[in-house]
Each structure stands twice: as structure tokens, then as C-alpha cells.
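Here is a quick tour of a chain for anyone who likes to check the details before setting up a calculation. Have the viewer open as you read.

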Amino acid sequence: MTAEGFELGLNSFGEVATDGDRILSDAETVRLLVDEARLAESVGLDVFSVGEHYREGHTDSATPVLLAAMATATDRIRLGTSVTVLSTNDPVRLYHEFATLDAVSNGRAQIVLGRASATESFPLFGYDLADYERLFEEKLDLFVRLQRDESVTWSGTVRSPLVAQRLHPRMRAGGIPTWIGVGGSPNSVIRAARYGLPLMLAIIGGRPQRFAGHVDLYLRALEQVGHPVQPIGQHSLGLVADTDEEAVETWWRYWQPVVAQLAEERGFYKPDRRRYEAEIDHGALFVGSPETVARKIATVARDLRLSRFDLKYDIMHLPREARARTIELLGSEVAPRVRELLAKEPTHV
């Protein structure tokens with residue numbers, strides 16, 4: 001991937017923002033996200049992605065609807081998901097939704113499919129966690145077939161069969177860009193390669209370079225099954241501010257309570273200042289001034305042979321001004337600096 005072709009984007013989980021001392025309503029946050037997609041396009045970012053969650057304080061539960069609203073407010077920026085929980089979605093319905101989004105946006109739709117690290121959607125929609133692997137494997141097979149084949153005859157164990165089914169509206173030939181999101185499972189890496197789909201690494205803690213083995217495995221697996229090299233992306237959390245000090249202090253204030261809650265729920269490490277600063281120095285938090293963040297992105301892009309980097313910029317109750325400043329600086333200063341650094345020493349893909 002050349003420096004000019006390197007993509008930078010934003011990920012949102014629809015987390016509720018604040019305005020001064022006031023917590024925005026869910027509806028206000030939804031409208032803010034549309035405004036932020038418009039801002040991201042105006043500063044030259046490549047992609048705006050939204051997740052799929054069913055937790056208190058998140059407003060991204062109807063992602064295709066939200067992305068369609070963004071499509072009508074923008075002209076160029078590509079629109080997709082930071083994760084779509086395929087296991088608890090119906091592939092036929094997803095095809096209809098994203099074919100419609102692709103039509104509305106004039107070919108700008110894409111999707112990242114994942115098995116789910118947060119599992120609230122399983123009981124919500126009546127699925128059994130015991131079927132975690134089977135649900136994803138069968139539904140991925142069907143979703144890929146629906147995109148790649150003109151008509152589909154398919155049968156499995158997780159939904160009713162299809163016989164010579166042709167869906168409408170039709171997607172573009174070959175379907176939309178469809179990435180597989182991976183949080184660390186080698187099996188998921190191999191699955192992405194087997195289908196010839198791009199790989200999105202969700203790296204939310206620890207040194208990103210520890211995923212280098214996953215990248216090697218993915219490229220070897222692509223070669224073994226005869227697929228051409230596919231893009232590799234990274235999703236990580238962070239904030240950009242005018243100075244390192246401002247960024248570090250702002251993110252700590254809002255990141256610490258979120259991680260403390262997750263530590264209670266999932267057994268993560270409890271956040272302390274030492275671990276936090278270590279994550280910024282050499283871990284998976286991209287927090288700092290434009291120069292600091294640009295240098296860190298360029299480093300991991302080389303080490304992991306990335307062609308895309310997405311910053312997850314929103315976190316619970318982060319002020320809307322800090323969110324907007326991150327977007328502005330990522331597009332106007334970080335992105336051109338990353339491409340400048342990569343032009344001097346490009347990635348190896």
C-alpha cells in the first residue's frame with residue numbers, strides 16, 4: 001500500500017456526549033453523529049464507521065438507518081460499520097439494508113462483520129451463546145454468497161433455506177467491501193483468508209505489534225487458498241488535541257470510568273494511571289498531539305503492514321468539543337503527516 005493510498009477513518013459506538021455540564025439525550029447524540037460524519041468529510045477523512053451495541057449510553061443499535069442519514073448529509077466519505085454482529089443478524093436482512101445504503105450513498109457503503117465481544121444481542125434477539133461459532137460461520141457463508149452470486153440456493157441449521165433466491169435492490173457486482181473484524185482469534189484470521197475478505201484488527205489494549213503473527217498468518221493463508229492480497233486495517237481508541245498534555249488529561253478523565261466498569265463486568269485489568277500512560281507510550285491508546293498520534297499510527301502501519309487505520313474517537317460523556325477537535329485534527333494534521341512519514345518508509349504490503 002502506498003502512502004497516498006493509506007486510509008484514515010473514524011469509528012463511533014454512538015456513545016452519549018456532553019455539552020458543558022449537560023448530558024445529551026440519545027436523540028441529540030444521534031444527530032450529533034450525523035454532524036460529525038459531515039465534519040469528517042470536510043476535513044478529508046476517508047471513512048466514517050458506526051458500531052452495533054445494545055448497552056446503556058450507546059445509540060448505535062440501528063446502524064444502517066444511522067448510516068443512511070449520514071449518506072444524505074455527505075457526498076464523498078465512505079460509510080460503514082466498525083462492527084456488525086453477524087451472529088445475531090439475518091444475512092438476508094443485512095443484504096437488503098446495505099444494498100439500500102449503497103444505493104442511497106452512491107456506492108460508498110461497506111461493512112465489518114464480527115462475532116461480538118459484547119454479547120447483549122444474543123438474549124435480546126433470542127440466540128443461544130452456545131451456538132456462537134456455528135451462527136457466525138453459517139451466516140457468513142450465506143452473506144458472502146448473497147453478495148457474490150446472482151441467485152442463491154442455500155441451506156443450513158441457523159435459518160430457513162433459500163432456493164434460487166435473487167434479492168432486491170441489487171448490490172453492485174461482487175458486493176460491498178466486507179471486512180472481518182478480529183479481536184485476537186487465529187481461527188477468525190484464517191476464516192477471513194478463506195473467504196478472501198479484508199482483515200480488520202480490533203486492538204484495544206497492549207502493544208499492537210503483538211498482532212504481527214496474525215498478519216503473517218493471514219497473508220500465508222491467503223496465498224495457500226489462492227486469494228490475492230487483501231487490505232489489513234486496525235481499529236484502536238484515542239483522542240487528538242492541540243497538545244500531548246491536554247489529550248492525556250482529557251482522555252483519562254472519561255476513559256478511566258468506562259474501563260473501571262468493564263473491569264467489573266468482564267474481569268479486565270483495573271485502570272490506573274501507570275497502566276494508562278503505558279498504553280499511550282507503547283500500547284493501543286492513540287492519545288496525544290497531532291505529531292504524536294501521527295508518528296504512532298505510521299509506526300504500527302509499517303509494523304503490521306496496514307492499509308487503513310480507524311480511530312475510535314467517542315467515549316462515554318466525552319464533551320462534544322473534544323470529539324470535534326479530534327476529528328478536525330485527525331483530518332487536517334494527522335492524516336497528511338502519516339502519509340508523509342509513510343512516504344519516507346512505506347508499509348510492506
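What follows walks through the annotated domain, some salt bridges, a buried aspartate and a few backbone oddities.

## The big picture

Keep in mind that this is a predicted model. The UniProt record, an unreviewed entry, carries the annotation "domain: Luciferase-like" for residues 26-301. Over that stretch the chain comes out at 48% helix and 16% strand. The C-alpha atoms at the two ends of residues 26-301 sit 35 Å apart.

## Salt bridges, far and local

The structure has 30 salt bridges. Let's start with E7 and R78, whose closest N and O atoms are 2.4 Å apart. This pair links distant parts of the chain, since E7 belongs to strand β1 (residues 7-12) and R78 to strand β5 (residues 78-81), 71 residues apart. R78 has 28% relative accessibility, so it counts as partly exposed.

For a local pair, look at R38 and D35, where the closest N and O atoms are 2.9 Å apart. Both residues are in helix α1 (residues 26-42), and the spacing of three residues is about one turn of the helix. Are these two buried or exposed? Neither, really: R38 is partly exposed at 37% relative accessibility, and D35 is partly exposed with a relative accessible area of 37%.

## A bridge that belongs to a network

Now for E133 and R191, a salt bridge with its closest N and O atoms 3.0 Å apart. E133 is part of helix α5 (residues 132-148) and R191 is part of helix α6 (residues 186-195), so the bridge ties together parts that are 58 residues apart in sequence. The two ends don't share a burial class: E133 is partly exposed at 38% relative accessibility, while R191 is buried because its relative accessible area is 5%, under the 20% cut-off.

Which residues join up with this pair through shared partners? The network consists of R115, E133, E137, R191 and R194, connected by salt bridges that have partners in common.

## A buried aspartate

D102 is worth a click too. You'll find D102 in helix α3 (residues 91-104), and at 7% relative accessibility it counts as buried. What does D102 touch once its neighbours within four places in sequence are set aside? The contacts of D102 are then G107, R108, A109, R172 and I176.

## Backbone oddities

Some background for this part: most peptide bonds are trans, and most residues other than glycine have a negative phi. Against that backdrop, a few spots deserve a look.

One is the peptide bond from H168 to P169, which is cis, with omega near -5°. P169 sits in the loop between β9 (162-165) and β10 (178-182). Strand β9 itself contains A164, a residue other than glycine with a positive phi, near 45°. A164 has 52% relative accessibility, so it counts as exposed, the cut-off for that being over 50%.

Another spot is R305, which also isn't a glycine yet has a positive phi of about 55°. R305 falls in the loop between α10 (290-304) and β14 (308-312).

Methods: Residues are numbered from 1 along each chain as its sequence is written. This is a predicted model: local features need pLDDT of at least 70, side-chain atom pairs count only at pLDDT 80 or more; totals for chains, interfaces and linings use all residues. Side-chain values use heavy atoms; hydrogens and water are left out. A salt bridge is a side-chain nitrogen of Lys or Arg within 4 Å of a carboxyl oxygen of Asp or Glu. Helices (H or I, at least four residues) and strands (E, at least two) are DSSP runs, numbered from the N terminus. Buried means under 20% relative accessible area, exposed over 50%, partly exposed in between (1.4 Å probe, protein chains only). UniProt positions are given in the numbering used here, feature names are shortened, and annotations may be inferred rather than shown by experiment. Contact means heavy atoms within 4.5 Å.
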